[in-house]
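The following exercises concern a predicted model. Please examine the sequence and the structure, attempt each task, and then compare your reasoning with the worked solution.

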Amino acid sequence: MNQNQQVDKILELRNEGFGYKRIANELKTSIGMVRYTIAKAEKNTLSGFCKNCGIKTLSVKGKKAKKFCSDRCRYKWWNNHRKGKEVR
Ligand SMILES: [Zn+2]
């Protein structure tokens, strides 16, 4: 497993709700390494809120910020937005 694969795996397990200790055990690495990796990843993400449902979204810094949690929400919001403008 290379470094990038390990980082991906740590974040994947973290998303699934694993604790630091469990991730470290799972990947045979140290808790310090897991904590460092997660802290670094969190520093590089921006949080926002979905314009449609208000749910929290995470986007990677430097990339386009997410305004919606999903394509479905984006579609719904634009649909409502357009309808509002068409009212006579
Ligand atoms: Zn949403």
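**Exercise 1.** Determine at what angle helix 1 and helix 3 pack, and classify their arrangement.

*Solution.* Begin with the two segments: helix 1 covers residues 3-15 and helix 3 covers residues 31-43. Their axes lie 10 Å apart and form an angle of about 85°. Angles of 65 to 115 degrees count as roughly perpendicular, and therefore helix 1 is roughly perpendicular to helix 3.

**Exercise 2.** Identify which residues form the contact of helix 1 with helix 3, and state how they divide by character.

*Solution.* From helix 1, the participants are Val7, Ile10, Leu11 and Arg14. They meet Val34, Thr37, Ile38 and Ala41 of helix 3. By character, this contact comprises 6 nonpolar residues, 1 polar residue and 1 charged residue. The spacing along each helix may be read with a general rule: an α-helix has 3.6 residues a turn, so residues three or four places apart point the same way.

**Exercise 3.** Check whether the length of helix 1 agrees with its residue count, and describe what follows the helix.

*Solution.* The expected span is 1.5 Å times one less than the number of residues. For the 13 residues of helix 1 this gives 18 Å, and the end C-alpha atoms are 18 Å apart, so the two values agree. After helix 1 comes Gly17, with a positive phi near 95°.

**Exercise 4.** Describe how strand 1 and strand 2 are joined.

*Solution.* Strand 1 (residues 45-49) and strand 2 (residues 56-60) run antiparallel and are linked by 5 bridges. Among the bridge partners, Ser47 is matched with Leu58, and Phe49 with Lys56. The strands form a hairpin with 6 residues between them. In the turn, Gly54 has a positive phi of about 85°.

**Exercise 5.** Give the order of elements in the protein chain and compare its radius of gyration with that of a compact globule.

*Solution.* The chain contains 4 helices and 2 strands, arranged from the N terminus as α-α-α-β-β-α. A compact globule of 88 residues would have a radius of gyration near 12 Å, whereas this chain has 18 Å. Its C-alpha trace spans about 65 × 25 × 20 Å along the principal axes.

Note on methods. Residues numbered from 1 in each chain as written. Predicted model: local features only at pLDDT ≥ 70, side-chain atom pairs only at ≥ 80, totals over all residues. Axes fitted to C-alpha atoms, helices over the stretch in contact; angles between N-to-C directions. Parallel < 35°, antiparallel > 145°, perpendicular 65-115°, else oblique. Contact = placed C-beta atoms within 7 Å. Nonpolar A, V, L, I, M, F, W, Y, C, P; charged D, E, K, R; others polar. Pairing = 2+ DSSP bridges. Rg over C-alpha atoms; globule rule 2.2 N^0.38 Å.
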